[in-house]
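Okay, thanks for squeezing me in, everyone. I have one structure to walk you through today, so let me put it up on the screen.

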Amino acid sequence: MAARLPSWAWVTGLTAGATAVVVALAVQADAGPHPTAAAAAAARPGPSASASPHPSASAHAPQAPELPDDSGDGRRIVYSLGAKRVWLVDATGKPIRTFPVWPGTVAPRPGRYSITLRTQSLKGSDGVEIEHVMYFTKADGVNVAFSNALDGSSPPPANGQKLGGIRLHKEDGAALWSFGDQGTRVAVVN
């Protein structure tokens, strides 16, 4: 006959097991992607999931927002203030990449600009180490530039600072850096 455990042993064992599960889930959540990174990943086209080996016609990857009509023509970078999004557009006028951004507290006026200066890396005015810095205008006496944080993080709250940095995810910053040389046109639209 097997020995019977006292009821307090069962309760202690179940409590320890439940605590271990909660701790494991907390560690996973803490190590997971930033919520804005998950939203950006959802906005990018990718393979669709399907329970059957043959996806139905209605199983689509999410569509990226369309290039704004008023963004000009030819090869350019398009930045939409309202959509908080950038498009990289090739010489034929076809968007080759689009991604969400975190705008600074100072926004450029809608209009046509060009990349005036590129800097590989520096410390941003918010104290964050940034890279792939591409300046294209000034607004309210503040330089406005695209960049990404070296560690890939989103910018912290501005706490009343005037910031012109338009932050990107790390991989999007690298893509923009490769696409835009000094002189590349930038169209800012509402």
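I'll go from the overall fold to the core, then to the aromatic rings, and finish with a loop residue.

One thing up front: this is a predicted model, so please keep that in mind throughout.

So, the overview. We've got three helices and nine strands here. If you read along the sequence, the pattern goes α-α-β-β-β-β-β-β-β-β-α-β. The protein has 190 residues, and 33% of them count as buried. For those of you who like contact maps: take the contacts with a separation of 6 or more, and 53% of them are between residues 24 or more positions apart. On the surface side, about 11,400 Å² is exposed, with carbon and sulfur atoms supplying 59% of that.

Right, the core. Which residues have the most contacts inside the largest nonpolar core? That core has 23 residues, and the ones with the most contacts inside it are Ile77, Tyr79, Val86, Leu88, Phe136, Phe146 and Leu176. As for where the core comes from, strands E1, E2, E6, E7, E8 and E9 each put in at least two residues, and so does helix H3, residues 170-179. H3 actually gives the largest share, four residues.

Let me zoom in on one of those, Phe146. Is Phe146 buried or exposed? Phe146 counts as buried, because its relative accessibility is 0%, and the cut-off is under 20%. Leaving out residues up to four places away in sequence, Phe146 touches a whole list of partners, including Ile77, Tyr79, Val86, Met134, Ile166, Leu176 and Val186.

Now the rings. There are three aromatic pairs by the rule I used. One of them is Tyr113 with Phe136, edge-to-face, at 5.8 Å centre to centre and 65° between the planes. Tyr113 lies in strand E4 and Phe136 in strand E6, so this pair ties together parts that are 23 residues apart in sequence. Phe136 is buried too, with a relative accessible area of 3%. And Phe136 has another partner, Phe146: that pair is stacked, 4.9 Å centre to centre with 25° between the planes. Here the link runs from strand E6 to strand E7, with the two residues 10 apart. Put the ring pairs together and you get a cluster of Tyr79, Tyr113, Phe136 and Phe146.

While we're on rings, there are a couple of arginines to look at. The charged end of Arg75 sits over the ring of Phe179, 3.9 Å from its centre. Arg118 does the equivalent with Trp177, lying over its face at 3.7 Å from the ring centre.

Last stop, Asp70. Where is Asp70 found? In the loop between helix H2, residues 35-43, and strand E1, residues 76-80. Asp70 counts as partly exposed, because its relative accessibility is 48%, which falls between the 20% and 50% cut-offs. Setting aside neighbours within four places in sequence, Asp70 is in contact with Arg112 and Val189. And then there's Val188: Asp70 and Val188 are 118 residues apart in sequence, yet their C-alpha atoms are 9.4 Å apart in space.

That's what I had, so over to you for questions.

Technical notes. Residues are numbered from 1 along each chain as its sequence is written. This is a predicted model: local features need pLDDT of at least 70, side-chain atom pairs count only at pLDDT 80 or more; totals for chains, interfaces and linings use all residues. Side-chain values use heavy atoms; hydrogens and water are left out. Buried means under 20% relative accessible area, exposed over 50%, partly exposed in between (1.4 Å probe, protein chains only). Contact means heavy atoms within 4.5 Å. A nonpolar core is a set of buried Ala, Val, Leu, Ile, Met, Phe, Trp, Tyr and Cys residues joined through side-chain atoms within 4.5 Å. Accessible areas come from the Shrake-Rupley method with a 1.4 Å probe; for residues, only the protein chains shown count as cover. Rings of Phe, Tyr and Trp (its six-membered ring) pair if their centres lie within 6.5 Å; planes under 30 degrees apart count as stacked, over 60 as edge-to-face and the rest as tilted. A charge sits over a ring if NZ of Lys or CZ of Arg is within 6 Å of the ring centre and within 35 degrees of the ring normal.
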